Structures are given as C-alpha cells and as structure tokens.
Amino acid sequence: MKNTLLAVGKTDDSRIEQLTQMYVDRLKHYINFELEIIPDLKKTKNLSEDQQKNEEGKLILNKLEKSDFVTLLDERGKKLSSLQFAELINKRSVSGLKRLVFIIGGPYGFSSDVYQRANSKLSLSDMTFSHQMVRLFATEQIYRAFTILRNEPYHHE
C-alpha cells in the first residue's frame, strides 16, 4: 500500500520543511510514502474564501484516484491517541487498499466537494495550527505509528 500526504501550498519556512523532510525520509524505511505539494493558487486577492476553497478543492480532487482511502486532517475530525492512530493505520494497511491519502487543506480548509469525497476526518488537536505546521505534525505522527506497530522504542506510554 502506498501512503501519501497531500498538502496545499508550499512551506515558506525552511526549518519546518527540513524537519518535515526528516520524517518523510524516516518513513521510507517502513513504507512507500510520498509528500505531495499542490502549489499555492495564484491571484487569490480577488477570490472569496469559498472561491479559494473550491479552486483548491478541484486541484485536490484531480490528485485522487477512485480507489484511494481519503482522510482529511480537519479540526472537526475524530481525535485519536497515537496508539489508536497506529491501530487505524494497521487496519487500513491490511485491508487491501492501494493507497491511503491524508490531506491537509489550505488556510481556509476544504471545499464541500472534498468533504464529500473523503472517507474520514481526523483532528490532530483541539488547537488550530498553521497548515504548514500540520505537515510536520502529521508526518511525525505517521512515523510514530509505524514505530509503535514495530514495537520500536520511539513512543513511550
């Protein structure tokens, strides 16, 4: 199974990008993992929030295949512990999926079409984080899940 983290917009802080890449590189030891960035929209000053979400939504949907299991990283999603998240990934891994896709939206979230396409929603916290920071947190948590599943000493209870 391939695992993909799809994110809207580039990271403009090289420190966040370096830390995120560190976890992407570590994940490749365990799984087929890809961080795919959808470029920022151009000329958004004349777009409303809904128009921007809809345009980003089209770009997101174009990256998905019918068989993908899509999980939105969304503030209204289900909250899981790291152990529960590891178990969820394990269940998805053995279910015969071709690709598990986690999606981080742009600054205004997701369009209604993306919400309709999603199979699940997951919240990383009750707090709000920048969509750039969420990349780091998501890649770290995916990495943590695989160390948990392999009984490696990274995670402590």
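Colleague: What makes Lys79 and Asp126 a salt bridge?
Modeller: This is a predicted model, and the distance comes from its atoms. The closest N and O atoms of Lys79 and Asp126 are 3.0 Å apart. The cut-off is 4 Å, between a side-chain nitrogen of Lys or Arg and a carboxyl oxygen of Asp or Glu. The value of 3.0 Å is within 4 Å, so the pair counts as a salt bridge.

Colleague: Which parts of the chain does the pair of Lys79 and Asp126 link?
Modeller: Distant ones. Lys79 is in strand 3, and Asp126 is in the loop between strand 5 and helix 5. Along the chain they are 47 residues apart.

Colleague: Why is Lys79 called partly exposed?
Modeller: Its relative accessible area is 44%. Partly exposed runs between the 20% and 50% limits, and 44% falls there, so the label fits.

Colleague: And why is Asp126 called exposed?
Modeller: Asp126 has a relative accessible area of 68%. Exposed means over 50%, so Asp126 gets that label.

Colleague: How do you know that Arg99 and Asp68 meet in a salt bridge?
Modeller: The same test applies: N to O within 4 Å. For Arg99 and Asp68 the value is 2.6 Å, so the pair passes. This pair links distant parts of the chain too, 31 residues apart. Arg99 is in strand 4, residues 99–104, and Asp68 is in the loop between helix 2 and strand 3.

Colleague: Are Arg99 and Asp68 buried or exposed?
Modeller: Buried means under 20%. Arg99 has 9%, so Arg99 is buried. Asp68 has 3%, so Asp68 is buried as well.

Colleague: What makes Asp13 and Arg15 a salt bridge?
Modeller: The closest N and O atoms of Asp13 and Arg15 are 2.9 Å apart. That is within 4 Å, so the rule is met. Arg15 has 58% relative accessibility, over the 50% limit, and therefore counts as exposed.

Colleague: How many salt bridges does the rule give?
Modeller: The count comes to nine.

Colleague: Now Glu75. Where is Glu75, and what makes it exposed?
Modeller: Glu75 is in strand 3, which covers residues 69–79. Its relative accessibility is 56%. That is over 50%, so Glu75 counts as exposed.

Colleague: Which residues is Glu75 in contact with, beyond its neighbours in sequence?
Modeller: Ser123 and Thr128, once neighbours within four places are set aside. Contact needs heavy atoms within 4.5 Å, and these two residues meet that test. There is also a distance to Ser125: the C-alpha atoms of Glu75 and Ser125 are separated by 7.1 Å. Along the chain those two are 50 residues apart.

Colleague: Which residues lie nearest the centre of the largest pocket?
Modeller: Leu73, Asp74, Glu75, Thr128 and Phe129. The lining has 23 residues, and the volume is about 440 Å³. Strand 3, strand 5 and helix 5 each supply at least two lining residues. Strand 3 gives the largest share, four residues.

Colleague: Why is one space called a pocket and another a cavity?
Modeller: A pocket is open, while in a cavity the probe fits but cannot get out. The search finds one cavity of 30 Å³ or more. About 40 Å³ of space lies in the largest cavity, which is above that limit.

Colleague: Which residues line the largest cavity?
Modeller: Leu73, Phe85, Phe102, Leu122, Leu124, Ala138, Gln141 and Ile142. Helix 5 gives the most, with three residues.

Colleague: Leu124 is in that list. Why is Leu124 called partly exposed?
Modeller: Leu124 has 35% relative accessibility. That lies between 20% and 50%, so the term is partly exposed. Leu124 is in the loop between strand 5 (120–123) and helix 5 (131–149). With Met127 and Phe129, Leu124 makes a nonpolar surface patch of about 280 Å². Patch residues need over 30%, and 35% clears that bar.

Colleague: How do you know that Thr147 is buried?
Modeller: Its relative accessibility is 0%, under the 20% limit, so Thr147 counts as buried. Thr147 lies in helix 5. Beyond neighbours within four places, Thr147 is in contact with Tyr30, Glu152, Tyr154 and His155.

Colleague: What about Arg150: where is it found?
Modeller: In the segment after helix 5. At 43%, Arg150 is between the limits and therefore partly exposed. The C-alpha atoms of Arg150 and Tyr30 are separated by 9.3 Å, although 120 residues apart along the chain.

Conventions
Residues are numbered from 1 along each chain as its sequence is written. This is a predicted model: local features need pLDDT of at least 70, side-chain atom pairs count only at pLDDT 80 or more; totals for chains, interfaces and linings use all residues. Side-chain values use heavy atoms; hydrogens and water are left out. Buried means under 20% relative accessible area, exposed over 50%, partly exposed in between (1.4 Å probe, protein chains only). Patches are made of residues with over 30% relative accessible area and no salt bridge: like charges are joined within 9 Å, nonpolar side chains (Val, Leu, Ile, Met, Phe, Trp, Tyr) within 5 Å. Accessible areas come from the Shrake-Rupley method with a 1.4 Å probe; for residues, only the protein chains shown count as cover. On a 1 Å grid over the protein atoms alone, a cavity is a set of points where a 1.4 Å probe fits but cannot get out, and a pocket is an open set with protein on both sides within 12 Å along at least five of seven lines; lining residues have an atom within 4 Å of a point. Grid points are joined across faces, edges and corners, and a volume is the space filled by probe spheres set on the points.
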